[in-house]
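Welcome! Take a moment to look over the sequence and the 3D view, and then follow the notes below.

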Amino acid sequence: MDQEMYSFNLKDAIKSFKLFPKIFRLLWSIKKLSLIFIVISYIIRGLLPAMSIISTQILLNAIQTSVNKKFSYVLHPLIIYLSIIFLGYIISQLNTYLQSIFRIDLNYKINVMILEKAKNLSLKDFENSEVYDKLRRAQNEAAEKPYTVLSIMLELISQIIGFISTLAILIYWKPWTILLLVVIPITSTIYMTKIGYLQYKIEYERSQERRKAWYLSYLMTNDIAFKEIKIYKLGDYFIKGYKKLNKKFIKQDKKIIKKRTFVSFGFQILDQITGGFILYLIVQSAYMGEILLGDTLAYIRSLSNIKGNMEGLLTSISSIYQNNLYLKQLFDFLEMPVKLEKSIGTSIEEIKTIEFIDVSFKYPNRQEYALKNISFKIRKGETISLVGENGSGKSTLVKLLSGLYDDYEGEILINGVSMNQINKESFREKMGIIFQDFTKYELTCRENIGLGNINLMDNDVKLQAAINKAYANETVDALPKGIDTQLGVWFSGGVQLSGGQWQKIALSRAFLRDADCYILDEPSASLDPVSEYEIFQRVSELTKGKISIFISHRLYNLRKISSRILVLKDGQLTEQGTHEELMDLNGHYGYLYRLQNNIEFVPNSDI
Ligand SMILES: Nc1ncnc2c1ncn2[C@@H]1O[C@H](COP(=O)(O)OP(=O)(O)OP(=O)(O)O)[C@@H](O)[C@H]1O
């Protein structure tokens, strides 16, 4: 047996049933009345087999002993027999209907709960692959599970009732036969549960690889990497990676199926032999005249019912355990602690100052600091430029400044109040940011802009003003349905924009809000130098009296508009001042500026 099999123990299995109250609370919150009806219908379903056996037994025995009796002697048992069949039919139909409806509501509610939870996660959570795995597991594997557990749980209730009630019929005849009937299924269940645990463990351990396989297939089936896949001929490479991962999964799955089939086959054979032996005893008793025809049939049916019930009951217990393991993923995710930002802190009415005091920060998965001992103060009315080579920490600084990470060292003060003590939601409402990797929403142009302030989504005047501010008029006017044109290529009627056009739409989105601080992180990636300069100039004009922060590698464009330039090098703030001051300093900025503008370089030992 595999090493992993030993790590399963019955205690864990029993412990997993502790999830019941949580599951029940969740289900109760969906639809109380439906849940009550479903439970009742399962209880009746559990009683029906025994009721049917007893009514058949009474009917047959009545027929066999009806000589010289009135017809009503057999008619009454017949009516009872037919009523039970009819009741069974109605209950089964009602049960199917209620469960289908319940399932729809439950799935919907759980998916919304997952989205609500994802909404409250921090950027750090999203950059943490463990949290990401939890989210994916919750979404992919666990969303269906509460329903599965519900139906198995109810099936279990019904089976227990069915089992006990039919068992009573056989106990009445030969009590010791019961022992024979239960030993084998119980042993088989323990084994099957172990296999279930093994399967879960494999699934759990391969969730990173599963995500990788999903990612490779995503790259192959979406437009994001299409061009590079064609140009660099990456198709076969990605398919090879996809196949390699999946071959491993298939091998593991087949091994489990083999094991499951083998164990189940062995126990089935033993079970059939026991069943055959008890059947032999029933037939022998009937032959000897010890029992009537109705009793014989009742015992035979009880025997087959008990066997079926026992098997079903134990399979249910084992699959509840297995499903609970997956459900734990869902609860783990839903109960993951998150800091709800909006409920805490001082509200920010206007951003007047932003100050970093000796701020250092490193990403959770990194050893080295991305920012080290950064100190500066920005006042309202200033236009600040952040410059530095790739990886020097500019975008990280912007993320810290927007309150997206909170585990930095030092202090970040907004209007003199610590970032950790302000109401971040009110603060962010006052920020208009275009990140380097801004989002191109596969939605309409109106939504792409309106998402900057959803209250203004239908306010055409304000939308147009934002479009004008961002110089996006030409782009929007050229769209076939104007502002209501679908953008991107994912949905029908979509129009794809150029990188620079997308950027202007994103800028309009930032302008739609009446912010106190605008941040443009490297628009140069998509804008030509002239457009970038125009936009910087435009933004600094429009934000007079407010704060604007630009990040660009084109130092020439920042020269005139910046009231101050902050120079980052290897995560440290090495220089700050106006363009002229920094040129006079002849440090790193001077070096970069001259390099970009073909000005002869005067060496400086500090560079
Ligand atoms: N999410 C992240 N997790 C871990 N490390 C990160 C993350 N984002 C950035 N880094 C690291 O932090 C450092 C600073 O990155 P940052 O993106 O702030 O640089 P930048 O100055 O904006 O660079 P560029 O000019 O290329 O945009 C780099 O070493 C980078 O590898």
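Which residues surround the ligand most closely? The closest are Tyr363, Asn390, Lys394, Ser395 and Thr396, out of 14 surrounding residues; a residue is near a molecule if its C-beta atom, placed from the backbone, lies within 6 Å of it. Please keep in mind that this is a predicted model, where local features need pLDDT of at least 70 and side-chain atom pairs count only at pLDDT 80 or more, while totals for chains, interfaces and linings use all residues. Residues are numbered from 1 along each chain as its sequence is written.

**Around the ligand**
- By class, the ligand's shell holds two nonpolar, nine polar and three charged residues. Here Ala, Val, Leu, Ile, Met, Phe, Trp, Tyr, Cys and Pro count as nonpolar, Asp, Glu, Lys and Arg as charged, and the others, Gly among them, as polar.

**Helix H14**
- Helix H14 spans residues 394–401, and six of its eight residues are buried (20 or more other C-beta atoms lie within 10 Å of a buried residue's own, against 12 or fewer for an exposed one, with partly exposed in between).
- Helices (H or I, at least four residues) and strands (E, at least two) are DSSP runs, numbered from the N terminus.
- The buried residues of H14 are Lys394, Thr396, Leu397, Val398, Leu400 and Leu401.
- Just after H14, glycine 403 has a positive phi of about 75°.

**Nonpolar cores**
- In the largest nonpolar core, with 65 residues, Leu386, Leu507 and Ile519 touch the most other members. Such a core is a set of buried Ala, Val, Leu, Ile, Met, Phe, Trp, Tyr and Cys residues joined through C-beta atoms within 7 Å.
- Helix H19 (residues 499–512) gives the largest share of this core, seven residues.
- Apart from this core lies another, of 47 residues, including Ile23, Leu27, Met192 and Leu330.

**Strands**
- Strands E1 (residues 353–361) and E4 (residues 409–414) pair in the antiparallel sense over five bridges; strands pair if DSSP finds at least two bridges between them.
- Phenylalanine 356 stands opposite isoleucine 412 in E4.
- E4 also pairs with E5 (residues 417–418) in the antiparallel sense, over two bridges.
- In the hairpin of E4 and E5, two residues lie between the strands, and asparagine 415 takes a positive phi near 50°.
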